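Trainee: Could we go through this structure together, step by step? I would like to learn how to reason from what I see.

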Amino acid sequence: MEYLHIPKTAGTAFKNCEKSGDIMPFKTLQSHNVTLLSHRGDTAFGLRDPWERFASGYWERVTNPLRKELNARKEYSFYRRGGYRNLQHIEEQLFEQYNTPNALITGLRTGVATELFDRCVALPPDFSILTRSLSFWLGELHTYLEHEHKVIAVYDVSKLDAIFLKHHNIQLPTDSFLRRSRSQFDREQTYAISKSNLKWFKQWRKADYELIEHIVAQSYYITDDTHD
């Protein structure tokens, strides 16, 4: 079984567990480009609230310079990874004009940020892949159902520590760098969103919420109080 590396669903933390010698219940795919549709064989993946994934992806690019600095530290050399591409000027413009994920959604909802956002999405990987819809990896619901036979396990990302300790006897990393958590940095990274923006966001990512509604009702969905 292989774990689809959907950005912001603990794929890098799982890779660090593998490097540390933990016997994982799956092998984490190296590439973000493998989707449920393109993958052959049994798969697992993590499920995270779509807004949290989007906000986390936004902050990953904003904090990219800080991440590069941490990645270069000697104490993390064993876990060092590539892929920290420099922020491009157009991204810097976007983050300067819309300095929180909520501000960006306001800009998209009102249309004033659409052109700038689309230009960022058109850049090579990074920003575009970090802010993509879950349906990019799973397909919309009707397509997902055609490939659902490949899905063996879906993990509730918000409860991974409890899940892996309970079901796999694995203690996930507590170090913030190894977890790639936002607590690595001494700066606020708010996930707050206004009611009007959340309503718009749920329509914008309607396909994601439809997928999640289906998946959480299935027997393969694992949260910390299931699969005893």
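What follows is a short conversation about the sheet, the aromatic rings and a lysine in this predicted model.

Trainee: In what order do the five strands of the open sheet lie?

Mentor: Good place to begin! In general, strands of a sheet pair through backbone hydrogen bonds, either parallel or antiparallel. Here the pairing is parallel. Across the open sheet, the five strands come in the order 2-1-3-4-5.

Trainee: Which strands stand at the edges?

Mentor: Look for strands with a single partner strand, because one side of each is then left without a neighbour in the sheet. Two strands fit that description: strand 2 (27–28) and strand 5 (221–222).

Trainee: In strand 3, which residue is the bridge partner of Tyr 3?

Mentor: Strand 1 (residues 2–3) runs parallel to strand 3 (residues 43–47), and two bridges join them. For Tyr 3, the partner in strand 3 is Ala 44.

Trainee: And in strand 4, what is the bridge partner of Leu 47?

Mentor: Strand 3 also pairs with strand 4 (residues 151–156), in the parallel sense and over five bridges. Follow Leu 47 across to strand 4 and you reach Asp 156.

Trainee: How many residues of strand 3 are buried?

Mentor: Take the two faces in turn. On one side, Thr 43, Phe 45 and Leu 47 are buried, and on the other, Ala 44 and Gly 46 are buried as well. Both faces are covered, and the count of buried residues in strand 3 is five of five.

Trainee: Let's turn to the rings: are those of Phe 78 and Tyr 79 stacked or edge-to-face?

Mentor: There are 22 aromatic pairs here, by the rule used for counting them. In the pair of Phe 78 and Tyr 79, the ring centres are 5.0 Å apart and the planes stand at 85°. Planes over 60 degrees apart decide the matter, so this pair is edge-to-face.

Trainee: Which helices hold Phe 117 and Phe 127?

Mentor: The rings of these two have their centres 5.6 Å apart and their planes at 75°, so they also form an edge-to-face pair. The pair links distant parts of the chain, with the two residues ten apart. Phe 117 belongs to helix 6 (residues 114–121), and Phe 127 to helix 7 (residues 127–130).

Trainee: Is Phe 127 buried or exposed?

Mentor: Compare its relative accessible area with the cut-off, since buried means under 20%. The value for Phe 127 is 1%, and its ring partner Phe 117 has 5% and is buried. By that cut-off, Phe 127 is buried.

Trainee: Over which ring does the charged end of Arg 132 sit?

Mentor: One arginine to look at beforehand is Arg 182, which lies over the face of Tyr 191, at 3.7 Å from the ring centre. The charged end of Arg 132 is 4.1 Å from the centre of its ring, and that ring belongs to Phe 136.

Trainee: Last one: with which side chain does Lys 8 make a polar contact at 2.5 Å?

Mentor: Lys 8 lies in the loop between strand 1 and helix 1 (11–20), and it is buried, with a relative accessible area of 13%. Beyond its neighbours within four places in sequence, its contacts include Arg 48, Ser 56 and Leu 130. The side chain that makes the polar contact with Lys 8 is that of Glu 60.

How values were computed: Residues are numbered from 1 along each chain as its sequence is written. This is a predicted model: local features need pLDDT of at least 70, side-chain atom pairs count only at pLDDT 80 or more; totals for chains, interfaces and linings use all residues. Side-chain values use heavy atoms; hydrogens and water are left out. Two strands pair if DSSP finds at least two bridges between them. Helices (H or I, at least four residues) and strands (E, at least two) are DSSP runs, numbered from the N terminus. Rings of Phe, Tyr and Trp (its six-membered ring) pair if their centres lie within 6.5 Å; planes under 30 degrees apart count as stacked, over 60 as edge-to-face and the rest as tilted. Buried means under 20% relative accessible area, exposed over 50%, partly exposed in between (1.4 Å probe, protein chains only). A charge sits over a ring if NZ of Lys or CZ of Arg is within 6 Å of the ring centre and within 35 degrees of the ring normal. A polar contact is a pair of N or O atoms within 3.5 Å; within protein, one must be able to donate a hydrogen and the other to accept it, and residues adjacent in sequence count only if both atoms are side-chain atoms. Contact means heavy atoms within 4.5 Å.
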